[in-house]
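Biologist: Hello! Could you walk me through this structure and show me how each label is earned?

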Amino acid sequence: MNAEKQAPTRTKLSLTDELAVERTRLANERTLLAYIRSSLYFSIAGLTLNSFFQLKLGWLLELGFWIVSIGILIFGITRYRQVAKKLNISAFAQKRWHLLMEEEV
């Protein structure tokens, strides 16, 4: 009895699974756009509050809004890149596995 180690077999992604991956990519892009929109809202709010109320330390309020705006933008971009990288790695691994399986058959 010769026990052979068999690699787990993966089947080709069905159309439903491929569409699910594409929906995930599109959702990731929509999320990035939402972070960008929120960042713009905070920057505009800082400018508006400073010019509308004419506060003594209005520049400090504006600076605070700008810092929050930049923080939101940086967080959104890093999150987008992390999710996109994970999607690309899993998609590449899946395609590579299919190529190996096709060669063996």
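Modeller: Gladly. Let's begin with Ile70, which counts as partly exposed at 46% relative accessibility. Please keep in mind that this is a predicted model.

Biologist: What makes Ile70 "partly exposed"?

Modeller: Buried means under 20% and exposed means over 50%. Ile70 has 46%, so partly exposed is the label that fits. Ile70 is found in helix 2, and its C-alpha atom is separated by 8.5 Å from that of Ser43, 27 residues apart along the chain.

Biologist: How many helices and strands are there?

Modeller: The protein has two helices and zero strands. Helix 1 covers 15-53 and helix 2 covers 58-104.

Biologist: Why is Ser39 called buried?

Modeller: Ser39 has a relative accessibility of 6%. The cut-off for buried is under 20%, so Ser39 qualifies. Ser39 is found in helix 1, and, leaving aside neighbours within four places in sequence, Ser39 is in contact with Ser69, Ile72 and Leu73. Across the protein, 15% of the 105 residues count as buried.

Biologist: Which contacts in the protein join residues at least 24 apart?

Modeller: I can give you the share: among contacts between residues at least 6 apart in sequence, 71% join residues at least 24 apart.

Biologist: What makes Tyr35 and Phe75 an edge-to-face pair?

Modeller: The structure holds three aromatic pairs, and Tyr35 with Phe75 is one of them, at 5.6 Å centre to centre and 75° between the planes. Ring centres must lie within 6.5 Å, and planes over 60 degrees apart count as edge-to-face, so this pair meets both conditions. Tyr35 lies in helix 1 and Phe75 in helix 2, so the pair ties together parts that are 40 residues apart in sequence. Tyr35 is partly exposed at 23%, and Phe75 is partly exposed at 46%.

Biologist: How do you know that Phe52 and Phe53 are edge-to-face?

Modeller: The same kind of check applies. Their rings are 5.0 Å centre to centre with 75° between the planes. With the limits at 6.5 Å and 60 degrees, the pair therefore counts as edge-to-face.

Biologist: Why do Phe52 and Phe53 get separate exposure labels?

Modeller: The cut-off for exposed is over 50%. Phe52 has 62%, so Phe52 is exposed. Phe53 has 49%, so Phe53 is partly exposed.

Biologist: How do you know that Arg25 and Glu22 form a salt bridge?

Modeller: Side chains of opposite charge can pair when their charged atoms come close. For Arg25 and Glu22 the N to O distance is 3.8 Å. The rule asks for within 4 Å, so the pair passes. By this rule the count comes to one salt bridge. Arg25 and Glu22 both lie in helix 1, three residues apart, about one turn of the helix. Arg25 is partly exposed at 26%, and Glu22 is partly exposed at 39%.

Biologist: What makes up the nonpolar patch on the surface?

Modeller: Leu57, Trp59, Leu60, Leu63 and Ile67 form the patch, with about 530 Å² of accessible area together. Leu57 is found in the loop between helix 1 and helix 2. A patch residue needs over 30% relative accessible area, and Leu57 has 53%, so Leu57 clears that limit. The value is also over 50%, which means that Leu57 counts as exposed.

Biologist: And how much area does the protein expose?

Modeller: About 8900 Å², with carbon and sulfur atoms supplying 65% of it.

Notes
Residues numbered from 1 in each chain as written. Predicted model: local features only at pLDDT ≥ 70, side-chain atom pairs only at ≥ 80, totals over all residues. Heavy atoms only, no water. Patch = residues over 30% accessible without salt bridge, like charges linked within 9 Å, V, L, I, M, F, W, Y side chains within 5 Å. Areas by Shrake-Rupley, 256 points an atom, 1.4 Å probe, with all protein chains shown as cover. Salt bridge = Lys/Arg side-chain N within 4 Å of Asp/Glu carboxyl O. Helix = DSSP H or I, 4+ residues; strand = E, 2+ residues; numbered from the N terminus. Buried < 20%, exposed > 50% of the residue type's maximum accessible area, 1.4 Å probe, protein only. Phe/Tyr/Trp six-rings, centres within 6.5 Å; stacked < 30°, edge-to-face > 60°. Contact = heavy atoms within 4.5 Å.
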